[in-house]
Amino acid sequence: MKRTLVALMLTVMLLLGAVSPAFAAEELPFNTSLTIEKVSNPQNGAGEADGLEEGTDRHNSYAWSMRHLKDENGDYVYIGSNRNILYSIVGSMAGDSAKALVDLVTNGEISSEPSDGKACIVRYNNETGKTETYFDSANPEHIAALNATDVAKASGHTIAAIWGFRSSVEFNGVAYFNGSGASTKGQSLSLLMKIESNAQASPELVYCDAGGDLRASTVSEDGKTLYVGGNDNAYTYQPEGADANAMQFIAMQTTDGENYEMIADPSDFGQYCINGKFRSTGGDAWDMAHYQGKLYFSMMTTAGGVVFRGYEDPTNPDANAYGWVWEEFVGADGKFDYGFGNPLNYTLTPVVYDGNLYFITFTDAMGSMLATVAGLIQGINTGNMDAYFYGLSLIDKSMENETALFRMLPDGTVEMVMGDEKDLGDPNVKFNAKIGAGFNNLPRSTTQYNWRATEFNGKLYIGTFDAYPLYKYVTKITNGDLFEMTQPEFKSQIAFLFAFVCAVAEDINAEISAEISQIIENLKDKIFPDDDYTELLPEGITMDDINEAAEIFVSGYTMTLAEGAEGEDGAEGAEGEEGAEGEESEMPILEQLFDSLTDSLATILAGLYGEDTTETVSALMKLFDATTPKLGELQTKVEETAAELEGQPGARVLGVLAEAIQAIRDKIGQIDQEKVDLYIRVSDTIAANDDPGFELYCTEDGVNFEAVTIDGFGDEFNYGVRNILATDDALFVGTANPYYGAQLWKLTDPNASDDKTDDDITDDTEEPGEVEPETDNPPTGDNMTEVICFTLVLMATVLVIRKRRNEMN
């Protein structure tokens with residue numbers, strides 16, 4: 001019943017693994033004048049825990065907001081975080097086997113340790129280079145201090161938790177952090193907190209009301225007014241057909257940071273404040289910028305990015321109750337269509353630079369990945385993979401819709417200054433890009449969106465989000481990940497494979513539980529004979545657990561069948577020597593099979609490099625046809641051996657293996673070609689990313705760009721530049737890293753400092769993003785072949801065993 005998964009994972013995915021072609025993007029020049037240093041937990045490198053806090057915290061995953069305060073009490077960068085988004089998704093999955101599957105797929109790259117889910121504010125001392133936790137919402141004393149304020153008491157809400165500090169702004173020398181949380185009655189809360197001095201013991205609460213969060217904020221061009229926007233359920237807008245739980249967008253202003261006046265409520269944003277096709281999947285109220293006397297307020301919708309602009313004019317007949325006039329600028333009734341003509345630009349972030357208003361775009365990469373993972377889990381449970389392929393189609397669209405950059409000139413002209421002309425669906429927007437979407441000229445890539453941009457030393461810096469660390473899991477067997485693992489990574493993968501076996505086998509009929517211990521030991525010794533696997537097992541898993549649960553999986557792989565495998569006349573045997581008919585071989589029969597398949601695959605695809613997908617699929621279909629007889633031969637040998645061993649240890653296991661092989665044979669050649677084509681596109685795009693991790697670019701004229709890093713400062717798990725903060729002498733980059741925790745990086749430009757002399761500037765700085773090569777040896781070809789064979793048997797047999805169990809129930 002779950003054999004569709006077998007077909008997908010064990011034919012298309014397995015056979016495409018090592019041959020995905022790579023595409024080279026047009027390279028941009030590098031800005032090599034910057035000195036780059038990691039300042040949060042600098043002793044830890046890529047793939048090691050960080051999380052901003054001293055001592056590390058992997059769940060501190062995003063540097064959601066950042067502000068700088070320098071006074072007589074010190075020089076600090078404050079960073080508002082959230083807790084691990086990916087963990088919250090994993091934690092919502094019921095059952096040990098689901099979590100074990102996630103561990104297996106991610107190789108432990110997503111923490112499975114419990115998280116309190118409560119955000120904190122960390123601060124970095126720019127003088128000592130140390131970080132410390134400044135405010136911790138998991139600390140009852142810190143929450144109690146907020147609830148004791150007059151603001152909290154006047155609001156009528158008691159704060160129970162704070163989930164994150166999503167944005168921040170500096171106004172009159174004070175740092176403001178927008179927060180979202182929950183009350184003791186379970187209501188969502190919008191919070192605004194301020195830090196006036198580095199001597200201040202904790203943030204001061206200045207706003208508290210029911211709602212989602214106040215994530216949008218900016219300061220007027222003259223610096224006299226602070227604007228904030230978000231969701232507040234205290235304000236209602238109920239046109240016909242509206243849902244009482246609809247998002248309620250609001251905007252407020254303050255001139256003193258203490259008293260906040262409404263300037264817009266849900267009635268100003270019409271259809272976007274009701275449920276339906278315009279309802280966002282997340283984010284909703286997005287960001288703000290003040291430009292040429294007008295406030296630009298962007299929103300995320302499923303129809304594409306929407307922007308309103310407003311200005312104060314009480315005498316205008318179109319003014320609202322607060323004396324403001326609001327007009328739709330981008331959207332259904334705006335001058336420009338949704339997302340500037342591209343509905344996949346879900347939202348637009350406005351940024352003012354050099355007298356122009358820039359808009360950076362956002363594609364729903366996270367949503368498409370979640371849809372794919374949910375579809376995969378559904379397929380495992382039901383055997384229907386339609387939802388999985390639907391998720392893949394969303395990923396495919398996101399990859400084709402790489403991030404773009406627009407700007408509005410003072411005369412009102414809007415132009416695309418980075419992007420693909422094919423994505424420019426609005427005739428009112430001019431095309432003026434010298435580099436394609438995603439800062440490359442590829443037809444698709446994993447550079448999905450930009451989060452933040454800021455000015456530093458006369459240049460606009462823009463950070464990207466690289467969805468590679470998210471997407472790689474949905475095509476893991478084919479995108480090169482397994483083949484590029486170091487030995488420690490490879491051993492860890494095997495350990496999680498064993499843990500998955502245990503989790504899945506726990507509730508299977510107790511009869512199938514005792515004969516495989518020696519086979520497991522043989523497998524371990526064969527792949528890594530000198531290692532102690534006890535140290536590699538996940539916490540809570542022992543070898544006894546594995547021995548008790550493992551019988552059903554790998555006997556057919558490791559057991560040397562008495563007959564061996566017959567070599568073809570005049571052909572080379574599996575070991576590279578001539579085989580004679582009837583000659584016995586020491587190699588496991590599955591390894592012989594895959595040696596043959598690998599050779600055939602390499603021969604067929606050697607001439608297909610660069611050819612289009614349709615021809616590749618056609619060739620693969622021929623390969624599948626050739627595979628069927630070989631699997632038939634294998635099945636026959638397994639069945640014959642099972643008959644000979646009837647009543648002896650191993651016979652029952654071989655019977656299960658024979659069923660698994662039949663499941664594979666049933667589906668080979670029956671795979672939908674369009675779905676194969678879709679899968680290949682996604683897998684190839686992921687495999688083509690030779691430099692995973694976010695990119696950071698800068699531009700002086702808004703059209704020509706330089707790269708600062710293209711690989712997340714050498715860490716693929718840094719998948720996004722979540723925040724960029726410019727100070728007088730440095731550019732701070734706060735990363736998004738839900739795998740090992742957010743990081744803080746400091747960039748300085750020695751050439752820009754008046755205190756530097758030519759003698760102070762050296763030429764021996766490393767190119768940004770350059771890291772030392774791996775010293776661990778990658779697994780050998782033989783080892784990789786063995787583990788792929790093992791994976792084949794594991795996956796096929798798991799599904800057959802589950803089918804048997806369901807039939808018994």
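Two strands pair if DSSP finds at least two bridges between them. Helices (H or I, at least four residues) and strands (E, at least two) are DSSP runs, numbered from the N terminus. The model is predicted: local features need pLDDT of at least 70, side-chain atom pairs count only at pLDDT 80 or more, and totals for chains, interfaces and linings use all residues. Residues are numbered from 1 along each chain as its sequence is written, and side-chain values use heavy atoms, with hydrogens and water left out.

**Exercise 1. Give the strand order of the sheet that contains S10, and find its edges.**

Step 1. Four strands form this open sheet, in the order S10-S11-S12-S13. The pairing is antiparallel.

Step 2. Strand S10 (216-219) and strand S13 (261-264) stand at the edges. Each has a single partner strand, so one side of each is left without a neighbour in the sheet.

Step 3. On average, neighbouring strands of this sheet are turned by 25 degrees against each other, direction ignored. Axes here are lines fitted to C-alpha atoms, for helices over the stretch in contact, and angles run from 0 to 180 degrees between N-to-C directions.

Step 4. Now the bridges. S10 and strand S11 (residues 226-231) are joined by four. Val219 has Leu226 of S11 as its bridge partner. Strand S12 (residues 249-254) and S13 are joined by three. Ala251 stands opposite Ala264 in S13.

Step 5. Look at the hairpin of S10 and S11. Six residues lie between the strands, and Gly223 takes a positive phi near 75 degrees.

**Exercise 2. Do the same for the sheet that contains S18.**

Step 1. Five strands form an open sheet in the order S18-S19-S20-S21-S22. Here the pairing is mixed.

Step 2. The edges are strand S18 (347-353) and strand S22 (429-431). With a single partner strand each, they have one side left without a neighbour in the sheet.

Step 3. The average turn between neighbouring strands is 30 degrees, direction ignored.

Step 4. Strand S19 (residues 356-362) runs antiparallel to strand S20 (residues 405-408), and four bridges join them. Ile360 has its bridge partner, Leu405, in S20.

**Exercise 3. Work out which residues of helix H4 are buried and what covers them.**

Step 1. Buried means under 20% relative accessible area, exposed over 50%, partly exposed in between (1.4 Å probe, protein chains only). In helix H4 (residues 140-147), the buried residues are Ile143, Leu146 and Asn147.

Step 2. Seen down the axis of H4, they fall within an arc of 100 degrees, so they line one face of the helix. The arc is that of the directions from the helix axis to the C-beta atoms.

Step 3. Contact means heavy atoms within 4.5 Å. The cover includes strand S5 (131-136), helix H5 (150-155), strand S6 (159-171), strand S8 (188-195) and strand S9 (204-210).

Step 4. Check the start of H4. A side-chain oxygen of Asn139 reaches to within 2.9 Å of the backbone nitrogen of Glu141.

**Exercise 4. Describe the largest nonpolar core.**

Step 1. A nonpolar core is a set of buried Ala, Val, Leu, Ile, Met, Phe, Trp, Tyr and Cys residues joined through side-chain atoms within 4.5 Å. The largest has 36 residues. Among those with the most contacts inside it are Leu392, Trp451 and Tyr739.

Step 2. Elements that each supply at least two residues include strand S2 (60-71), helix H6 (365-382) and helix H7 (386-400). The largest share, five residues, comes from H7.

Step 3. Apart from this core lies another, of 21 residues, among them Ala119, Tyr134, Ile143 and Cys208.

**Exercise 5. Compare Leu52 and Thr56: is each buried or partly exposed?**

Step 1. Leu52 sits in the loop between strand S1 (35-38) and S2. Thr56 is also placed in the loop between S1 and S2.

Step 2. Most residues other than glycine have a negative phi. Leu52 has a positive phi, near 75 degrees. Thr56 has a positive phi of about 75 degrees.

Step 3. Leu52 is buried, at 0% relative accessibility. Thr56 is partly exposed, at 30%.

**Exercise 6. Find what Asp71 touches.**

Step 1. Asp71 lies in strand S2. At 23% relative accessibility, Asp71 counts as partly exposed.

Step 2. Asp71 touches Glu196, Ser197 and Asn198, not counting residues up to four places away in sequence.

Step 3. The C-alpha atoms of Asp71 and Ala199 are separated by 9.1 Å, though 128 residues apart along the chain.

Note on methods. Polar contact = N/O pair within 3.5 Å; in protein donor to acceptor, adjacent residues only side chain to side chain.
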